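Student: I have a structure to go through and don't know where to begin. Can we take it in steps?

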Amino acid sequence: MQFLHPLFLFATAAVLVPVIIHLFYFRRYKKVYFTNVSFLKELKEETAVRSRLRNLLVLILRCLAVIALVLGFAQPFISKKGEETSDQPKFVSVYLDNSLSMTALNEEVDLLERSKETARSIIRAYRNDDQFNVVTNKLDYRSRSLLDKEAALSLIDDINHQANVLKLDEVVEFQKEIFTKTKGQRENVSYLISDFQQGMQAELDNMDTLAKTYLMPIRSPIVNNVSIDSVWFERPVIIQNQASKLFVSVTNHGEEAVENTRLSYTEDGENKPLGQLNIPAGAQITDTIVLTFENGGYQHLELQVSDYPVQFDDTFHIAFDVQKIFKVLHLKGNNSDAGSNVFRSSSQLEVTSVMLNQLDYGRVSEYDLVVADELTEMSSGLTSTLDAYLKTGGNVFYIPSPQQLSTTATNYLADYKIVLGNWDEGKQEVGRVNTQSYIFSGVFENASANFYLPSTSGSYKLSSGRAKESVMTYRNGLDYLSAFEIGFGNLYVLNAPLQKAFNSLSDNPSIFVPMIYKMASSSNEDSALAYTIGRDDIVSVKLDEKQSESDGVYAMANEVLEFIPAQQFINGQIELNVYGQLNTAGTYNLETPKGEKAAELAYNYDRLESDLEYLTDTELAEIFGNGAEIIGYSLKADLTEIVQENENGMRLWTLFLMLALLFLLGESLILRFWKIN
């Protein structure tokens with residue numbers, strides 16, 4: 001048995017008080033009235049014996065009462081597992097998981113409220129001279145603060161749900177960093193209050209053995225949940241007035257099948273139902289939506305699935321740019337005017353034709369398609385510019401010259417393992433259009449109909465050492481138009497010049513115009529439909545020339561929030577850092593210094609916690625090894641007392657106070673009912 005305040009034991013000297021009272025009070029002489037002298041001796045002997053016995057019992061009870069009181073104030077305890085317990089001040093760090101999974105319910109109260117009350121009980125269990133630290137998933141300056149008891153309790157009241165998700169190793173490392181601030185002046189104690197989802201699992205190789213660690217699982221009996229996990233378009237470029245397929249992935253994380261759950265989407269404030277889904281237990285399904293956008297520019301959608309009670313993952317926001325006009329750069333050779341008028345026949349193509357010696361290399365990246373039309377010479381500056389343009393998502397349409405190709409022109413293709421062989425002046429007819437390729441998919445209403453297909457009276461034999469897609473082929477099976485993926489972009493190679501003397505393609509606008517249009521829209525670079533809060537803190541947004549030259553600060557805003565992210569301009573893009581400023585899912589406008597909309601960005605909550613499976617106590621014990629102790633949670637338990645018992649062992653002061661009261665009660669009963677006549 002140990003004592004929390006051993007100095008109180010000196011007060012046992014107070015046991016002399018009842019002894020002194022006994023010596024001086026009970027030894028006083030008393031008058032005894034009697035009627036018969038013969039009974040005097042017998043009465044005196046009997047009275048003396050009973051009086052001494054009663055006085056001795058009273059003395060013993062008083063002494064025991066004093067000793068019990070002294071021991072009670074010294075606060076004796078039996079240390080837990082034989083550990084030594086010191087009276088040293090403590091530094092207590094409490095991690096309170098306020099992630100969105102804590103919106104799950106336990107007896108109609110969400111887990112965060114349960115956790116907050118648990119944290120309060122923990123802090124109340126310690127002394128006023130102890131120091132505290134309250135860590136949340138935000139890991140902001142408040143999570144690093146050293147607080148007194150009242151400040152810690154006040155901070156807990158202000159904690160709300162947070163979008164960030166932390167793993168166990170991140171929490172442990174953060175608390176370890178905080179403990180270094182105490183510099184060994186206090187005893188370190190760590191508490192982790194969480195639902196301990198499977199997604200939090202991590203390897204803990206370096207537990208802080210200088211801190212006592214307690215795990216307090218607070219879980220919900222509800223493990224069923226349905227979530228929208230991801231949303232994507234069939235093609236990365238969305239074109240105005242053309243049908244686009246949108247795929248929605250929905251997962252049932254529960255152990256029971258979900259029937260007739262409602263899927264819908266909201267566009268321009270109008271909610272539109274898409275139908276009902278039946279999802280087997282633990283299964284993931286993908287639903288397809290066909291959408292057509294009448295307006296160009298930035299659009300946003302909100303996909304929704306009906307589910308309760310965990311709802312943070314029931315909504316998925318996306319934002320995207322619907323292309324209205326594609327910009328085409330036509331690099332002309334000496335005789336390459338054949339297609340110029342056809343290019344301009346489409347209102348959705350903005351064509352800029354320049355001679356090679358007039359080209360501004362710095363503006364190539366502004367175009368959706370670059371047509372290298374009969375370039376007999378290609379400088380190293382041009383080839384390097386086009387290579388960088390392709391690899392970052394651009395599209396190049398290469399049209400050879402009927403003249404002898406220079407080494408620089410052939411080397412450009414050779415760098416991609418593409419070879420234009422000998423010139424053939426024989427007439428050939430195109431026999432097949434690949435309607436499965438992106439260039440011609442959805443272009444013709446009847447894919448099996450007979451088209452007026454082009455023919456050539458002069459062409460090169462094309463061969464390739466890299467993967468290709470045959471977009472159009474001759475009747476003999478040789479390639480007429482081929483597509484190659486280069487980085488995030490596409491290189492299209494025609495094997496014949498576009499001049500009418502050699503090629504009839506420009507005379508066929510029903511094929512040529514949609515072909516150029518689809519080439520301009522065929523980037524393989526997936527523009528981000530949405531970002532994840534807490535993971536995609538740094539994003540890059542491509543700006544047009546006017547926006548990238550704007551002076552001032554860009555801001556992000558929606559209906560309820562406006563803030564200025566950290567930002568810098570890099571090669572026509574703005575890099576945004578939203579860390580710590582964005583905590584609510586939704587669509588945000590990126591506004592220029594002049595208040596114009598430069599882009600729309602959609603942010604969603606992390607789906608890491610959508611699966612409500614929890615780490616069991618056994619799994620937690622394996623992760624932490626001997627470095628932590630699990631405290632079982634019960635709604636009816638006195639948590640403050642449990643914490644004190646864990647920290648200081650079994651306290652016995654209440655037992656000794658009760659004994660003191662019993663001793664005093666016994667003394668009162670003896671004095672009242674034990675009469676000496």
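Tutor: We start with the whole chain and then turn to single residues.

Student: Ok, what sort of model is this?

Tutor: It is a predicted model.

Student: How many helices and strands does the protein chain have?

Tutor: The protein chain has 13 helices and 37 strands.

Student: And what share of the residues is buried?

Tutor: Of the 677 residues in the protein chain, 47% are buried. The accessible surface comes to about 33,900 Å², and carbon and sulfur atoms hold 50% of that surface.

Student: What about contacts along the chain, how many link residues 24 or more positions apart?

Tutor: Among contacts with a separation of 6 or more, 73% are between residues 24 or more positions apart.

Student: Let's go inside. Which residues touch the most other members of the largest nonpolar core?

Tutor: That core has 53 residues, and Tyr-191, Met-556, Leu-590 and Tyr-603 touch the most other members. Helix α3, residues 111-124, gives the most to this core, with 5 residues. Another core lies apart from it and has 33 residues, among them Phe-326, Ile-439, Leu-494 and Ala-520.

Student: Back to Leu-590. What does Leu-590 touch?

Tutor: Leaving out residues up to four places away in sequence, Leu-590 touches Val-541, Tyr-554, Ala-555, Met-556, Ile-574, Leu-576, Glu-596, Lys-597, Ala-598 and Ala-599. Met-556 is also one of the residues that touch the most other members of the largest core.

Student: Lys-597 is on that list. Which residue does Lys-597 meet in a salt bridge?

Tutor: Lys-597 meets Glu-600, side chain to side chain, at 2.7 Å from N to O.

Student: Is Glu-600 buried or exposed?

Tutor: Glu-600 has a relative accessible area of 6%, so it is buried. Lys-597 has 42%, so Lys-597 counts as partly exposed.

Student: Why would two such side chains pair at all?

Tutor: Side chains of opposite charge can pair when their charged atoms come close.

Student: How many salt bridges are there in the whole structure?

Tutor: A search of the whole structure finds 20 salt bridges. One of the pairs is Arg-142 with Asp-140, whose side chains meet at 3.9 Å, N to O.

Student: Why does Asp-140 count as buried?

Tutor: Asp-140 counts as buried because its relative accessibility is 17%, and the cut-off for buried is under 20%. Its partner Arg-142 has 31% and is partly exposed.

Student: Do any of these link up? Which residues form a network of salt bridges?

Tutor: Glu-117, Arg-120, Arg-124 and Asp-157 are linked in a network of salt bridges. Within it, the side chains of Glu-117 and Arg-124 meet at 3.6 Å, N to O. Glu-117 is partly exposed at 39% relative accessible area, and Arg-124 is partly exposed at 40%.

Student: Other polar pairs? What joins Glu-187 and Lys-212?

Tutor: A polar contact of 3.4 Å joins the side chains of Glu-187 and Lys-212. Glu-187 is in strand β7, residues 187-194, and is buried, with a relative accessible area of 18%.

Student: Now the outside. Which residues make the nonpolar surface patch of about 450 Å²?

Tutor: That patch is made by Leu-53, Leu-56, Leu-57, Ile-60, Leu-64 and Ile-67. Leu-57 is found in helix α2, which covers residues 40-73. Leu-57 has a relative accessible area of 32%, so it is partly exposed.

Student: Changing topic to the backbone. Where is a cis peptide bond?

Tutor: A cis peptide bond joins Tyr-308 and Pro-309, with omega about 5 degrees. Pro-309 lies in the loop between β15 (297-305) and β16 (315-323).

Student: And what is the phi of Asn-241?

Tutor: Asn-241 has a positive phi of about 65 degrees, although it is not a glycine. It lies in the loop between β10 (238-239) and β11 (244-252), and is partly exposed at 48% relative accessible area.

Student: What about Glu-374, where is that found?

Tutor: Glu-374 is found in the loop between β19 (369-373) and α7 (380-391). Its phi is positive, about 55 degrees, and it is not a glycine.

Student: Is Glu-374 buried or exposed?

Tutor: Glu-374 is buried, with a relative accessible area of 4%.

Note on methods: Residues numbered from 1 in each chain as written. Predicted model: local features only at pLDDT ≥ 70, side-chain atom pairs only at ≥ 80, totals over all residues. Heavy atoms only, no water. Core = buried A, V, L, I, M, F, W, Y, C linked by side-chain atoms within 4.5 Å. Buried < 20%, exposed > 50% of the residue type's maximum accessible area, 1.4 Å probe, protein only. Helix = DSSP H or I, 4+ residues; strand = E, 2+ residues; numbered from the N terminus. Contact = heavy atoms within 4.5 Å. Patch = residues over 30% accessible without salt bridge, like charges linked within 9 Å, V, L, I, M, F, W, Y side chains within 5 Å. Areas by Shrake-Rupley, 256 points an atom, 1.4 Å probe, with all protein chains shown as cover. Salt bridge = Lys/Arg side-chain N within 4 Å of Asp/Glu carboxyl O. Polar contact = N/O pair within 3.5 Å; in protein donor to acceptor, adjacent residues only side chain to side chain.
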